[in-house]
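Biologist: Could you take me through one part of this structure slowly? I'd like a close look at a single sheet and whatever sits around it.

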Amino acid sequence: MKKQHKKKMHKDEVIVAYICLIPSIIGLIFLTYVPLAAVLGLSLTKWEGVGTPEWVGLANYVKLFTTDPYFVDSIKVTIYFSLIAVMGSMVYSLAVALLLNRKIPARGFFRAVFYLPYVLPAMAVYIGWSWLYEANFGLFNYVLSLLGIHKLKFIASSELVVPSLALIAVWLSGNLIVIFLAGLQNVPRVYHEAAEIDGANAWQKFTNVTIPCMTPIIFYNLLMALITNMQVVTPALALTQGGPGNSSRFISYVMYQYAFKSGKFSYACAISFVSFLLIGVFTVILFATSKSWIFYEGGDD
Amino acid sequence: MKKYKKVISTVLGLAMVFSLTACGNTQTGTTAQTTETNTTEPAAQPTTEANTEQGSGDEIHISYSYWGTPDEAASVQEVADKYHEENPGIVVDIVCIPNEEYVTKLNTMAAANELPDCGIMSEAGVLDFGSKGLLADISDMYAGADAAPLDCITFKADGKPVAYSAANEVLVLYYNKDLFDAANVPYPSATEAMSWNEFVDTAKKLTIDVNGKNAGEEGFDPENIVQYGCTVDNWTWQLEVWALSNGGRWFSEDGKTCTINTPEVAESIQKVADLMNIEHVMPYRAGLTDDGVQSTICAGNIAMSTGGAWNIGTCLNGVDFNYGVARLPQMKNSVTICTGGPQVVFSQSKHPAEAMEFIKWYMKEENSWDSLIATGIWMPILEKYYTDEALTNSWIDNENFPEHEECVGALVDYAMNNAQSTCWYYTPHTNEFIELLRGVLGDVWTGDATAEDVLKDNYDALNAVFLGE
């Protein structure tokens with residue numbers, strides 16, 4: 001009798017749970033899955049914004065990987081940028097977070113200073129950086145010429161443009177610092193104390209205690225940074241127009257260019273679908289390797 | 001406990017039912033609305049019916065899109081209000097869109113079937129919009145009129161006019177008279193174009209390093225230049241003028257063949273790149289931004305700069321040095337290119353006839369005189385302003401323009417006798433073509449590749465874009 005009652009309770013809970021989920025599922029379906037399906041559907045047609053879409057099968061995808069003058073390069077550039085920006089911002093923000101986690105004077109002030117770039121308006125940030133990077137009279141080149149070093153073209157050079165833009169992305173990664181800080185404060189002090197009693201030095205404590213405890217946070221930040229940087233478009237729009245040459249023509253920029261500058265919406269849909277798959281593949285790889293290096297304190301729940 | 005849960009589930013259930021009905025309601029609402037518009041639409045089409053509608057107190061609203069800042073939009077709205085005074089039945093609403101995203105926005109509006117009735121249009125998008133059927137036929141706009149716009153600023157598809165530019169603009173050479181005086185170098189001529197070699201030599205005399213030596217002198221330090229002799233704007237579409245100047249063409253005259261791989265074109269682009277990489281008389285420009293005059297001659301440390309006639313009104317009026325205007329240097333021919341955004345009627349308009357009347361009225365010089373022509377932003381479109389001296393003087397003799405003789409030589413006569421149409425007047429897909437060309441030329445500006453090589457290597461891709469594939 002009691003057991004039956006418990007079963008009924010459970011069933012009630014399930015019903016309530018599903019009812020509560022309905023709004024978010026509706027949102028997910030209409031704001032995510034239906035548009036995604038529509039993008040896939042449109043990408044198989046020829047549609048330039050007006051008239052009715054005309055079915056062309058995989059022609060858009062074939063064209064992307066064979067004759068398109070931008071697309072294959074844009075994949076390479078995007079991956080190159082993402083690698084530098086993700087690695088750079090992970091190392092930079094973990095380092096800054098470690099420093100800010102110490103008992104230093106004016107800690108609150110410095111936390112605000114490092115977080116500030118993240119909340120500044122993007123256009124203002126990029127215009128400011130464009131003055132620093134300017135090829136003839138910019139501040140960086142002024143400093144270089146004072147030091148007697150050959151002037152560099154920075155964002156105006158096809159070799160340096162991606163590292164230069166990645167540097168801005170690293171500087172902008174204040175949100176990662178905040179998450180790392182929160183993670184660092186959750187590393188149990190007892191482990192550090194135990195390691196100290198065992199005679200571990202600071203580096204050993206860092207590699208053997210802090211890092212393993214931080215792996216879930218590192219994983220989360222890595223994933224977020226990867227997804228954000230794979231979708232990079234603002235620096236290309238604000239600073240480089242995809243150039244010089246095609247050296248900063250990121251996937252999202254090519255998509256924007258086709259969809260909104262040329263009105264080739266269905267072709268742009270194909271690009272965004274490939275971009276989606278690409279990010280998906282990287283995410284899956286990251287998840288697949290995660291089991292081998294993430295340490296969850298609470299066991300394997 | 002159980003009762004409590006029951007209450008919650010009932011409430012949630014009710015909420016759900018309510019939201020569903022709410023959905024249903026809006027849906028019936030929209031259907032009702034659509035039927036409503038459907039009934040009014042055919043009624044609005046025959047003019048007589050539209051007039052009765054207007055007689056019953058309704059005015060016809062036509063929307064006019066314009067690029068520019070909200071300030072500029074306010075002055076355009078004043079002109080539109082004047083039209084309303086003259087034509088009480090018609091109200092013109094201004095849709096203001098920032099210039100850099102103008103076509104982007106129109107493309108999106110076209111996809112949503114929400115284009116304005118009429119508007120100014122980006123030059124490079126005109127024939128493209130036309131070929132998609134987004135422009136209404138206005139070919140009879142000047143039928144029977146005594147004065148037509150200059151032929152070189154008429155957009156043509158298969159020889160038939162599809163749009164008329166609202167302004168005429170040519171590329172010219174601006175120079176900083178103070179810097180010329182300081183170096184004791186004679187001014188460039190407004191009536192005779194100098195040869196390319198003379199131009200380079202003049203620029204060398206005006207390029208000065210940190211030790212005060214110019215680029216022609218022994219011991220000149222190209223790493224520490226404080227003043228440059230010239231900028232030839234390499235913002236991509238403007239490069240077409242150098243191809244024409246060098247006896248080449250980007251496209252055949254009928255707009256059907258892409259001839260950008262010819263030696264004359266490659267040489268014309270290479271000569272511009274050499275100004276930076278070999279002669280060191282021009283500051284490095286990646287050719288990616290449309291700020292040629294603002295970031296060069298207006299900054300005060302560059303002696304000569306190519307730019308558009310519109311720059312007289314958009315930035316040169318604010319400089320604190322004396323400037324002059326001259327003809328572009330010539331490689332083989334003395335030539336400039338002309339362009340100007342046209343006023344068009346979009347085919348999605350419900351009132352195409354009224355919209356065409358409005359833009360025809362709006363394009364009359366007197367309606368944009370104070371805000372655009374007298375300030376030096378637009379040049380007139382009708383031939384009589386170039387040939388009739390009294391009309392010419394009424395236009396250029398005001399404080400916004402450089403000296404009279406310079407304007408006559410380098411603006412009026414130059415535009416009348418030496419100007420050729422920019423490619424977007426006679427061939428579509430120029431938007432995509434110029435975008436690709438901009439990317440292709442990146443390595444030429446840095447000096448990592450020659451113009452000849454990149455144009456040869458990328459000809460197939462350029463040609464495919466040109467053909468709209």
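Modeller: Here is a walk around one sheet, with some background on its chain.

A bit of housekeeping: this is a predicted model, where local features need pLDDT of at least 70, side-chain atom pairs count only at pLDDT 80 or more, and totals for chains, interfaces and linings use all residues. Residues are numbered from 1 along each chain as its sequence is written, while chains are lettered from A and ligands numbered from 1 in the order in which they are written.

Our sheet belongs to chain B, a chain with 19 helices and 13 strands. Those are DSSP runs numbered from the N terminus: H or I over at least four residues for a helix, E over at least two for a strand. Of the 469 residues in chain B, 45% are buried, meaning that 20 or more other C-beta atoms lie within 10 Å of the residue's own; 12 or fewer makes a residue exposed, anything in between partly exposed, and the C-beta atoms are placed from the backbone.

Now the sheet. It's an open one with six strands, and in chain B they line up as β2-β1-β3-β12-β5-β4, with mixed pairing. Two strands pair if DSSP finds at least two bridges between them. At the edges you'll find β2 (90-97) and β4 (154-157) of chain B, each pairing on one side only. On average, neighbouring strands are turned by 30° against each other, ignoring direction.

Zoom in on the β4 edge: β4(B) runs antiparallel to β5 (residues 160-165) of chain B, and four bridges join them. Look for B:F155, which stands opposite B:A163 in β5(B).

Next, the helices. Helix α3 (residues 70-86) of chain B packs on the sheet and touches β1 (60-67) and β2 of chain B. Contact here means that the C-beta atoms of two residues, placed from the backbone, lie within 7 Å. The direction of α3 in chain B makes about 170° with that of β2(B). For such angles, axes are lines fitted to C-alpha atoms, for helices over the stretch in contact, and the values run from 0 to 180 degrees between N-to-C directions. Then there's helix α11 (residues 352-362) of chain B, which lies across β1, β2, β3 (118-120) and β12 (342-345) of chain B. Helix α11 of chain B runs at about 165° to β12(B).

One last point about chain B: of its contacts between residues at least 6 apart in sequence, 73% join residues at least 24 apart.
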